[in-house]
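Visitor: I would like a close look at a single part of this model, the place where the protein meets the DNA. Please take me through that part with care, and then show me what lies around it.

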Amino acid sequence: MNKFNEKLIFHIDVNSAFLSWSATDRLVQGEKIDLRDIASVIGGDEESRRGVVLAKSMEAKKNGIVTGESLFTARKKCRDLVVVSPNFTLYERCSRSMREIFNDYTPYVEKFSIDECFLDVTNYNTSREAALVLACDIKDRIKSELGFTVNIGVSDVKLLAKMASDFEKPDKIHTLFKNEIEKKLWKLQVGELFMVGKRTVPRLNNLNIFTIGDLAQYDIEILKYHFKSSGLRMWKYANGIDNSEVNYNKYELKGISNSTTLSDDIKSKNEAYKVLLTLVEVTATRLRNIKKCAYCISITIRNQEFNDSSRSKTLSNATDSTQEILETVKKLFDELWKGEPLRLLGVSLNNLCKDNFKQLSIFDVSSTSDEKQRIIDKTIDSLRQKYGETSVMKSVLLKKK
DNA sequence: TCTGGGGTCCTAGGACCC
DNA sequence: TCTGGGGTCCTAGGACCC
């Protein structure tokens, strides 16, 4: 704690992250037009049915384009919209560069998503004013060294720092200390509150709750009755109550998943099996890379009507074997699939534990068949590491000519 | 030519055990 | 002979986030 006995927390959020990052990269490559100055979006490939808006420029936003909508509807709102494909390798690199700068200021950095971090700067500042100077320094350094802008929310509470970074954009610093919530937070629409999504907003409106202030002053028992534990959480958030700490420790992954929307609907079991093989290979490799095994294996399918269904199986022994996971996945698929055309297939591995298998040598002549399978998996992993995950993409996943 | 992909957490109901 | 109740685990689905 500083001398005022309060925490000082930053929430730092890249403005239109994917779009900014692609824009700066293009400028470096010699492109003359800055995507941030025109109506533009980062969007997936429409032909392979991944055509949604992943990020938008301010100009695109002014035309009513929102993240997550289809490029089809986005183009209707803005005729000369520029659409750029995402470059996830670049985004990971930008994200890392940004965190390296944060680490110059404090070791207490929590990566919240690819473009968001929380920083606990309590020990480095004696006052709120000093914290603001620091925030300004960080913001300007990212802009000059990396070429993109961020918003920084400053508060004594993590949740409030996050809400503050979402105020006016771009390239801005905002404070939202506990004593400011009535003035700055309560006037906002209730759907602006973190963890109040589009399903919940109409239900809150039915209770005559329209602003965050309405929610904050509502009877907590009634909220708990209607929304169970999330009712209590919403009420706490509306009142600026959040005791969570900036978690700078190594992030423990709870599950691994991989899903894909198919260029063409899958209609046969054989086609499905080929895709499932790829999904299992990718997830199992990632699982082994973090030296974990999974107890629970699930698959998800999505039909043409966009209805999802899933099926899962908990094993008595955790596994990281591609073969074993694949067999379970196929079984689950056979139980779940009724023969309707599918637009998406997904595999996920949950309930993870440490892998406690003994280290194996390829020269170990006494290997059992299980151990031999592990050696095969390891060999494939090293090939994949050398040539990249996409080197094993099956042709069925690729776009039809 | 409408609707991605990777996560986390919660809940309800059923199975099973004591 | 008629039937409780608590606890835990598993499964399927839903809501939310970026």
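Guide: In this predicted model, a backbone N or O atom of Lys 254 lies 2.7 Å from a phosphate oxygen of DNA strand B, and a polar side-chain atom of Asn 258 lies 2.6 Å from a phosphate oxygen of that strand. A further phosphate contact comes from Arg 50, where a polar side-chain atom is 3.1 Å from a phosphate oxygen of DNA strand B. Lys 254 and Asn 258 are also listed, with Ser 259, Thr 261 and Arg 286, as the closest of the 24 residues that surround DNA strand B. Sorted by class, the surface near DNA strand B holds 8 nonpolar, 9 polar and 7 charged residues. On the DNA side, 74% of the atoms of strand B within 4 Å of the protein belong to sugar or phosphate, and the rest belong to bases.

As for the elements that carry this surface, helix H10 (220–238), strand E9 (255–266) and strand E12 (342–354) each supply at least two residues near DNA strand B, and E9 gives the most, with 7 residues. Strand E12 also holds Asn 351, a residue that has a positive phi of about 55 degrees although it is not a glycine. Asn 351 counts as partly exposed because its relative accessible area is 45%, which falls between the limits of 20% for buried and 50% for exposed.

DNA strand C can be read in a similar way. Around DNA strand C there are 18 residues, and the closest are Ser 113, Asp 115, Thr 200, Ser 312 and Thr 314. An N or O atom in the side chain of Asp 115 is 2.7 Å from a sugar or linking oxygen of DNA strand C, while backbone N or O atoms make the approach to phosphate oxygens of strand C at Met 195, at 3.0 Å, and at Ser 310, also at 3.0 Å. Strand E11 (residues 308–319) provides the largest share of the surface near DNA strand C, with 6 residues. By class, this surface has 4 nonpolar, 7 polar and 7 charged residues. Of the atoms of DNA strand C within 4 Å of the protein, 100% belong to sugar or phosphate.

From the DNA we can turn to the protein interior. The largest nonpolar core has 34 residues, of which Phe 10, Phe 102, Leu 119 and Ile 138 touch the most other members. Strand E1 (9–14), helix H1, helix H4 (88–103), strand E6 (116–120), helix H5 and strand E7 each supply at least two residues of this core, and H4 gives the most, with 6 residues.

Aromatic rings add a second view of the protein, since a search of the whole structure finds 12 aromatic pairs. In one of them, Trp 21 and Phe 148 meet edge-to-face, with 5.8 Å from centre to centre and 80 degrees between the planes. This pair links distant parts of the chain, 127 residues apart, with Trp 21 in helix H1 (residues 17–28) and Phe 148 in the loop between helix H5 (128–146) and strand E7 (150–155). Trp 21 counts as buried because its relative accessibility is 0%, and Phe 148 counts as buried because its own value is 1%. Ring pairs link both residues into a cluster with Phe 18, Phe 88 and Tyr 91.

Rings also meet charged side chains: Arg 128 lies over the face of Phe 177, at 3.7 Å from the ring centre, and the charged end of Lys 158 sits over the ring of Phe 118, 4.9 Å from its centre.

Two loops complete the picture. The loop between helix H6 (158–165) and strand E8 (173–175) contains Asp 171, whose side chain is joined to that of Lys 143 by a polar contact of 2.6 Å. Asp 171 counts as buried because its relative accessibility is 19%, and the cut-off for buried is under 20%. Pro 170 has its place in the loop between H6 and E8 as well, and the peptide bond that leads from Lys 169 to Pro 170 is cis, with omega near -5 degrees. In the loop between E1 and H1 lies Ser 16, a residue other than glycine with a positive phi, near 40 degrees. With a relative accessible area of 27%, Ser 16 is partly exposed.

Conventions
Residues are numbered from 1 along each chain as its sequence is written. Chains are lettered from A and ligands numbered from 1 in the order in which they are written. This is a predicted model: local features need pLDDT of at least 70, side-chain atom pairs count only at pLDDT 80 or more; totals for chains, interfaces and linings use all residues. Side-chain values use heavy atoms; hydrogens and water are left out. A residue is near a molecule or strand if one of its heavy atoms lies within 4 Å of it. A polar contact is a pair of N or O atoms within 3.5 Å; within protein, one must be able to donate a hydrogen and the other to accept it, and residues adjacent in sequence count only if both atoms are side-chain atoms. Helices (H or I, at least four residues) and strands (E, at least two) are DSSP runs, numbered from the N terminus. Ala, Val, Leu, Ile, Met, Phe, Trp, Tyr, Cys and Pro count as nonpolar, Asp, Glu, Lys and Arg as charged, and the others, Gly among them, as polar. Rings of Phe, Tyr and Trp (its six-membered ring) pair if their centres lie within 6.5 Å; planes under 30 degrees apart count as stacked, over 60 as edge-to-face and the rest as tilted. Buried means under 20% relative accessible area, exposed over 50%, partly exposed in between (1.4 Å probe, protein chains only). A charge sits over a ring if NZ of Lys or CZ of Arg is within 6 Å of the ring centre and within 35 degrees of the ring normal. A nonpolar core is a set of buried Ala, Val, Leu, Ile, Met, Phe, Trp, Tyr and Cys residues joined through side-chain atoms within 4.5 Å.
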